[in-house]
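User: Please take one part of this model and look at it closely: the side-chain salt bridges and the disulfides, and the strands they attach to. I would like one connected account rather than a list.

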Amino acid sequence: PRPRHPRDAAGPSVAMGDGGRAAALLLLALALLSPRGSAGGSCPPRCVCASNILSCSQAVLSSVPSPLPRFTAVLDLSHNNVSRLRADWAPGRLSHLHALLLSHNGLSFVSTEAFAHVPHLRHLDLSSNRLRALEENLFSDLAELEVLLLYNNEISTVDRTAFDNLGRLRKLYLGQNRIARFPLELLRDGSRLPQLALLDLSANRLHSVPVGELQALPAWLRDRLYLHGNPLACTCPLFQLVARGHRRRLSAVLDFQEELRCSLPGAPAPVAVLALAGRQPLNCSEAREAVLEGHLGDTVTLSCDTRLRGVRARHWVTPGGERVPEEGGNGSSAALLANGSLQLRALRPEDAGTYACWVAGPLLNETLYVELLVHNFTLHGPHDTLNTAYTTLVGCILSVVLVLIYLYLTPCRCCCCRGAEKPPGPRDDSINSSVLSTTPNHAAGVPGEPCRSRSSSATGPGQNGRFKVGGTPQPPPRHGPKLQRKVSDPDSVSSVFSDTPIVV
């Protein structure tokens with residue numbers, strides 16, 4: 001074809017006139033408003049931009065590229081050589097950024113102010129680097145963070161304030177590090193990390209864990225508390241914790257039961273924690289799921305410790321098979337609490353048994369069983385009854401003391417010797433017939449005459465074929481309003497406790 005005339009080449013723009021200039025201005029405005037335009041920032045070299053995603057993976061970068069487009073929502077800087085993350089890595093505020101990937105960079109330093117410009121970050125991946133410590137308030141600027149990946153580093157020190165202000169954190173991965181102690185007290189009351197549902201501490205250097213505190217954690221957190229691959233010392237409490245998790249089919253135990261091992265003293269290799277049942281030298285007993293003890297009149301709370309989150313409905317069933325109403329009726333001792341627990345007030349012996357809590361979750365259901373033991377006595381209070389065994393023991397001790405007092409502490413009224421008879425008192429049917437009377441009959445001494453022993457002569461056989469010592473003289477007649485008193489048999493007391501008469 002014939003070549004175009006130069007005037008023809010410039011002709012279109014001239015021929016368009018005012019309409020052409022309007023169209024050109026419109027195209028320029030669209031270009032300026034475009035994310036790739038100068039107003040939003042251009043895509044950095046060696047990076048790929050797709051909508052609001054900026055991928056600079058495997059770009060052999062030694063620092064974060066600058067400037068970064070302000071529209072960036074996902075920034076992938078993995079598999080590079082960014083060894084230090086300073087506070088000025090993002091000179092401007094990236095209010096749209098919600099995911100930052102920095103894995104496999106040889107990262108050894110992260111400034112405590114590194115995340116001040118990305119307040120809406122929800123996903124942070126710092127895995128497979130060379131971090132050695134989590135400093136104080138390192139992530140405190142990330143109030144909206146939900147997932148934090150720190151596995152496969154060299155972390156040995158974890159400051160308890162490193163996770164402050166992470167109220168929305170749901171998953172924390174710290175596996176394959178060098179952690180010898182993790183501040184598990186952060187999980188104790190649920191106020192520091194209230195939304196945490198997964199904590200990975202596997203393949204670290206933990207030698208022991210606070211079993212009591214871990215058992216007190218809710219089951220939905222223990223379901224994702226990974227402790228396998230640590231050099232734990234074998235103990236029966238550790239076995240009880242793992243055995244209960246296995247019976248409850250918690251994922252952290254069920255999926256890694258072969259890796260849950262511990263070290264026995266003198267053993268050449270670690271053994272499975274679940275194999276400690278009945279094994280020497282610990283000989284741990286089998287774990288029971290949930291057993292609660294109470295006393296008469298106590299108030300106890302049965303927890304519905306489900307591993308499901310997002311529970312839609314739940315109800316309790318008593319040992320008698322009756323469903324506990326949501327609103328306790330008049331006179332009912334059972335009450336449902338707001339957190340799903342069952343409270344029993346003024347315990348009675350018939351309240352003992354196995355209670356069942358039925359839970360309906362979003363995907364599946366779960367049934368929990370709690371065994372309640374009620375002791376048949378009260379424990380506290382001023383009017384509590386005593387234990388029967390304790391009462392019997394006290395009674396026996398008192399009886400022995402009284403017998404010893406009678407045998408060895410009976411007073412002798414003679415001035416020079418024992419055995420002299422005392423004229424018996426008037427006969428009576430009341431006090432002198434007491435078995436434990438501590439005033440035996442003694443003969444009154446004659447003034448001026450030496451004391452002589454009680455006569456061994458007898459008039460005939462007495463009780464048990466023996467001869468009675470002395471006689472029972474008749475008292476002189478007594479005049480008065482009272483009748484004549486009877487004299488107690490001197491052999492009556494000794495015949496109660498022994499066949500041998502007791503001579504005092």
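Analyst: **A buried arginine and the links around it**

Arginine 222 counts as buried, with a relative accessibility of 9%. The model is a predicted one. The side chain of arginine 222 meets that of aspartate 305 in a salt bridge, with 2.3 Å from N to O. Arginine 222 belongs to helix α3 (residues 219–222), whereas aspartate 305 is in the loop between β18 (300–302) and β19, so the pair ties together parts that are 83 residues apart in sequence. The acidic partner has a different label: aspartate 305, at 21% relative accessibility, counts as partly exposed. The cut-off for buried is under 20% relative accessible area, so the value of 21% for aspartate 305 falls on the other side of it from the 9% of arginine 222.

The loop that holds aspartate 305 ends at β19, which is part of an open sheet of four strands, ordered β17-β23-β22-β19, with mixed pairing. In this sheet β17 (291–295) and β19 (313–317) are the edge strands, and each pairs on one side only. From one strand to the next the twist averages 25°. The partner of β19 is β22 (residues 353–360): the two run antiparallel and are joined by five bridges. Within this pairing, valine 317 stands opposite alanine 356 in β22.

A second open sheet has three strands, in the order β14-β15-β16, and its pairing is also mixed. Here β14 (232–233) and β16 (271–272) are at the edges, each with a single partner strand, so one side of each has no neighbour in the sheet. Strand β15 (residues 261–263) runs antiparallel to β16, with two bridges between them. Arginine 261 has alanine 272 of β16 as its bridge partner.

Strand β15 also carries one end of a disulfide. Cysteine 234 is joined to cysteine 262, with the sulfur atoms 2.0 Å apart. The torsion about this S-S bond is about 95°, so the disulfide of cysteine 234 and cysteine 262 is right-handed. Cysteine 234 is in the loop between β14 and α4 (236–247), while cysteine 262 is in strand β15, so the link ties together parts that are 28 residues apart in sequence. Both ends are buried: cysteine 234 has a relative accessible area of 8%, and cysteine 262 is at 1%.

Another disulfide starts in helix α4. Cysteine 236 is bonded to cysteine 284, S to S 2.1 Å. This link is left-handed, with -95° about the S-S bond. It connects distant parts of the chain, with cysteine 236 in helix α4 and cysteine 284 in the loop between β16 and β17, 48 residues apart. That loop lies between an edge strand of the three-stranded sheet, β16, and an edge strand of the four-stranded sheet, β17. The two cysteines are labelled differently: cysteine 236 is partly exposed at 25% relative accessibility, and cysteine 284 is buried at 4%.

The disulfides come to five. Counting bonded cysteines along the chain, their pattern is 1-3, 2-4, 5-7, 6-8, 9-10. One of them joins cysteine 47 to cysteine 56, with 2.0 Å between the sulfur atoms. Its S-S torsion is about 110°, so the disulfide of cysteine 47 and cysteine 56 is right-handed. Cysteine 47 is buried at 12% relative accessibility, as is cysteine 56 at 0%.

Salt bridges number 12. Besides the pair of arginine 222 and aspartate 305, they include one between arginine 132 and glutamate 154, whose closest N and O atoms are 3.4 Å apart. Arginine 132 sits in the loop between β7 (123–125) and β8 (133–134), and glutamate 154 in the loop between β9 (147–149) and β10 (157–158), so parts 22 residues apart in sequence are tied together. Arginine 132 is exposed, at 60% relative accessible area, whereas glutamate 154 is partly exposed at 22%.

A further salt bridge is formed by glutamate 146 and arginine 170, at 3.7 Å between the closest N and O atoms. Glutamate 146 lies in the loop between β8 and β9 and arginine 170 in the loop between β10 and β11 (171–173), so this pair ties parts 24 residues apart. Both residues are partly exposed, glutamate 146 at 25% and arginine 170 at 35%.

Definitions and conventions
Residues are numbered from 1 along each chain as its sequence is written. This is a predicted model: local features need pLDDT of at least 70, side-chain atom pairs count only at pLDDT 80 or more; totals for chains, interfaces and linings use all residues. Side-chain values use heavy atoms; hydrogens and water are left out. Two strands pair if DSSP finds at least two bridges between them. Axes are lines fitted to C-alpha atoms, for helices over the stretch in contact, and angles run from 0 to 180 degrees between N-to-C directions. A salt bridge is a side-chain nitrogen of Lys or Arg within 4 Å of a carboxyl oxygen of Asp or Glu. Buried means under 20% relative accessible area, exposed over 50%, partly exposed in between (1.4 Å probe, protein chains only). A disulfide is a pair of cysteine sulfur atoms within 2.5 Å.
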